[in-house]
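Trainee: Please walk me through one part of this model slowly: the strands, and what surrounds them. I'd like one connected account rather than a list.

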Amino acid sequence: MREDDLRYALLGPVKVYAADGRAVGLAPQQRAILAMLLARGGRAVTAGELVDGVWGAPAPERALPTLRTQIGQLRRRLEPGRPSRAPAGVLLSVSGGYRLRVADGACDLDLFQGYVAQAERAVLAGDPHGARRLFGRALDLWRGEPLAGVPGPHADMLRAALTESRLTALETRVRLDLELGAQAESIPELTLLVAEHPLREGLRAQLMLALYRGGRQGEALAAYADARRLLDEELGVEPGPELRELHRRVLNADPALGAAAYGPLRPGPVAGSGPAAGPGAATEQDPAAYHVPTPAQLPAPPADFTGRADAADRLVAALDTAAPQVVVSAVAGLGGVGKTALALHVAHRIRDRYPDGQLYVDLGGASAVPVEPAEVLARFLRALGIAAVPDGPDERAALYRSVLAGRRVLAVLDNAASARQVAPLLPGMPGCAVLVTSRARLPLPAAEAFELDVFTEDEALALLAGTVGADRVAAEPEAAAELVAACGLLPLAVRIVGARLGRRPSWSIASLADRLADTRRRMAELKAGGMAVEASFRLSYDQLSPPLARAFRLTALVEGPVFALPTAAAVLDRSDRETESLLEELVDAGLLEAVPEGGYRYHDLLRLFARARAEEAGGDDGEADRALGRLVDHALAAVRDAHRLARPGSTVPDELARTRAPGIRFAGANAGQEWVRRELDTLIAVLREAAARPGVPLAPAADLLLALDPFGEADFLWPRLNGPAAALAEAAADRGETAAEIRARYMLGGGLWQVGEGKGGLAEVNRALELSRATGDEVLLGQLLNVAGLVSERDEAGLALFLDSAAVHIRRGNLWGELETSANTASVLRALGRPAEALDRLTAALARARPLGWTVVRVYLQGSHARTLARLGRHAEAVDSFTEALTGCRRTGSGYLELLVEQGIAEAEQALGRPGRAAAHLEGALAAARRLGSERLQADALLGLGRALALAGHAERAQACLRAARDLRERLGVEPPEQDG
């Protein structure tokens, strides 16, 4: 990541954003270091200054080493893709300290200071309108308390300085507001500011002046009396001379106080002076000429508007009247995402660009009866001074365009239903702008389209803090994060939970988060006063046609973050083409999202709403169960085809239930494996759903679980598959479906052993063997005996289990199972001190496996062959054999086997007295373990790496690895791995 890819924010919680807009995670001390570096504006900061600024004096004994550690971690956060030995490009080491390279305009503090400097120059140049606009841009950069939550004395000092800078800019901007005659808009803001800063006399003076100019002399005098009382009580002093002088002038109704320095901010046009005055309008020569008030219909901007900085800036830029055409921007998004709030926030920011007025209408697009365009045109024409409005909609539209010609007017068309509704409301000449919001995507000509997504977590937490108080959120940060996550980061939902907590100060945030944790009651909890997420969603749902409503309900039954078109087609029992048409209509309606890389997804709360409608609509006819049954069938057909390619020679695919779905013709084993990886979230969710719903056939679901066996092995999926396997085993036992129970317990037994729970795995396998023998179901008998051997001791009894397994596989013609058992048999033979016998068996098995190409079982056999050579003391040959196995790992794409082979090569290299080479391979094993996400495998790799590094003379790194391995093992409660005998 380069410095010009990064954006920094200090004017609120300290944040760093990558080029894709993703926030970079930082620890508190890293934020403090970053704040000091950013505040220096690219100049160097010594290590001593950083220590003093972050920890204070006297600093802790290990402050300097900790600083270096934090600097190193901060570098990795800022440049995650930088090779380990490449020089840093962003956070540089300089003589005695560090310097941060920051691109121009990449830090909000620099932008704030730049805007303020420009604004001050505009004041000196006699351009109050420009100065006011620039101060507004500077203040719009603020997102709350500067450096919120950042520790250290430097942060405290900088926080106080930044707060003072903001207040100074705010006072100057408000003074300009008053000089430009905008006292009516200033009074609410000044009232809040005075409440927040009651001892700041400059703000009090501005409030008094605004009240006086607004015809509220008594309130202006009361504001002075309140200031005098407060200063006396708090400080024992009288107001300053400027405030006392202003009080005297207000008391005497000084006429000079009543006039704005630059006249009205937006003078209203005279009716009839425009290019096409309406019928009945007075003329300039008519003594009855009257002054038409400039329309200012915008509702007040949301007081708690939070986040959306990038979206707001893009909209502001898009609504620039310098464009040589009518400017139209359309904001689309699901209900409750904050489209109206954003539109009003932006409209108020740019209102001074449209001095001839601002029009606003709620078009009722989410209601059953949207507002007709003709009615809106009548309202707008009257607001623009046209007393006699024509009857016909076409005449009204023509007159509306005529009245707007030559003027600069902003129209906010909120909650639009369709492009047909909006079209007559668009101006016809350049100079005007239209801002449209809609739940649906509207095909408006020449409109710049904006898709508004849900909040980021930081934005959601900021809104929650603004509602319930920052202290309350800071006291329960984890619970607050859980709460906004349960809200799906939807602004409406966050407002609702904030309102509920605000009215119940005795509630903890955690208590409400617990209530929302139950997805069955979550929608019912998201109600407060007149706000309800479910009601907002229902407005859109009730407008869907029956086929669309069915598609919306049933595709929500597909769990997982993203689902593919064929999956939805299976659920809906329609062709891909018909399904795509329905899903795209739902996307256009704002009820579904199309994912750029392919597929679709629901917002979490919309999914809950849709699933509730599916249960509600299905009633007793089982519509939802039948849909899920079709999904199981589709998934089983596809995974069986992938299984067949992954395990050539296996008889298992032929034993699985027949399917109605045709399956997928994969180009090869790797293509099938990639499909499973891509669809894994959905597949696991389907298994859980089938176990939980008695109306969904269980046998195909158990077969689907069994079909995933090769991919659990290749990608170490056992931590994810064990939960669904346990649920299916329990459901099958309850329903008396023995075949399904055998399959589920086979998968669960092997999976538990793989994650280090050998006792639990043995119990499951023994129960499955018992059921298999009792019922004569031999489909999995060979596999069960093999897993029983794996979870047993490596002794004669274990060897007997593997030999029995091989006999069953031979009898049933399962070549794959026979070869797999051969690798495990060799492992026991080595443990029993019979490596030569093991090598003969492996050599014969490899000869039979090679014609199958590179498969997982061939990699197993090759790895076992290499280990056997090592046991015989032939370590150089073992390295060669392991290297061949490593090629196979990469051909099959198995990260798990790659980890095991890298560990085997390392052992052989150590035996050859080459600990440096061993360490290099163990680095590869550790990287593979991290990619797989298994902490147990990481602990094993760290232990081996630490030992190899110690032998290679890298004592400091070795100790770090060994400590990390020990900490992981203690947390997981596992012992060090045994060495293969």
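Mentor: Let's settle one term before we look: two strands count as paired when DSSP finds at least two bridges between them. Strand E3 and strand E5 (residues 97–100) have two bridges and run antiparallel, so by that cut-off they are a pair. One of the contacts to look for is Thr46, which stands opposite Gly97 in E5. Keep in mind throughout that this is a predicted model.

That pair belongs to an open sheet of three strands, ordered E3-E5-E4, with antiparallel pairing. At its edges are strand E3 (45–46) and strand E4 (91–94); each has a single partner strand, so one side of each is left without a neighbour in the sheet. Helix H3 (residues 63–78) packs on this sheet and touches E4 and E5. The direction of H3 makes about 140° with that of E4.

Now go to the other sheet, which is where I'd spend the time. Here five strands form an open sheet, in the order E7-E8-E9-E6-E10, and the pairing is parallel. Strand E7 (358–362) and E10 are the edge strands, each pairing on one side only. From one strand to the next, the twist averages 15°. Helix H13 (residues 373–383) packs on this sheet, in touch with E7 and strand E8 (410–416), and its direction makes about 155° with that of E7.

Zoom in on E6 (residues 327–332), and start with its two partners. With strand E9 (residues 433–438), E6 pairs in the parallel sense over six bridges. You can follow that pairing from Val327, whose bridge partner in E9 is Ala433, to Val331, which stands opposite Thr437. With strand E10 (residues 447–451), E6 again pairs in the parallel sense, this time over five bridges, and Ser329 stands opposite Glu448 there.

What about the side chains? In a regular strand they alternate between the two faces of the sheet. In E6, Val327, Ser329 and Val331 point one way, while Val328, Ala330 and Ala332 point the other way. Are these residues buried or exposed? All of them are buried, whichever way they point. With six of the six residues of E6 buried, the strand is largely enclosed by the rest of the structure.

To put the strands in context, step back to the whole protein, which has 44 helices and 14 strands. Buried residues make up 52% of its 981 residues. If you take contacts between residues at least 6 apart in sequence, 66% of them join residues at least 24 apart.

Nonpolar side chains in soluble globular proteins tend to be buried together. The largest nonpolar core here has 171 residues, and Leu464, Val533 and Phe552 have the most contacts inside it. Helix H27 (residues 623–646) gives the most to that core, with eleven residues. For a look at one of its hubs, pick Val533: leaving aside neighbours within four places in sequence, its contacts are Leu490, Leu492, Ala493, Ile496, Met523, Leu526 and Leu605. Another core, of 75 residues, lies apart from that one and has Ala32, Leu109, Val116 and Leu162 among its members.

Key
Residues are numbered from 1 along each chain as its sequence is written. This is a predicted model: local features need pLDDT of at least 70, side-chain atom pairs count only at pLDDT 80 or more; totals for chains, interfaces and linings use all residues. Side-chain values use heavy atoms; hydrogens and water are left out. Buried means under 20% relative accessible area, exposed over 50%, partly exposed in between (1.4 Å probe, protein chains only). Helices (H or I, at least four residues) and strands (E, at least two) are DSSP runs, numbered from the N terminus. A nonpolar core is a set of buried Ala, Val, Leu, Ile, Met, Phe, Trp, Tyr and Cys residues joined through side-chain atoms within 4.5 Å. Contact means heavy atoms within 4.5 Å. Axes are lines fitted to C-alpha atoms, for helices over the stretch in contact, and angles run from 0 to 180 degrees between N-to-C directions.
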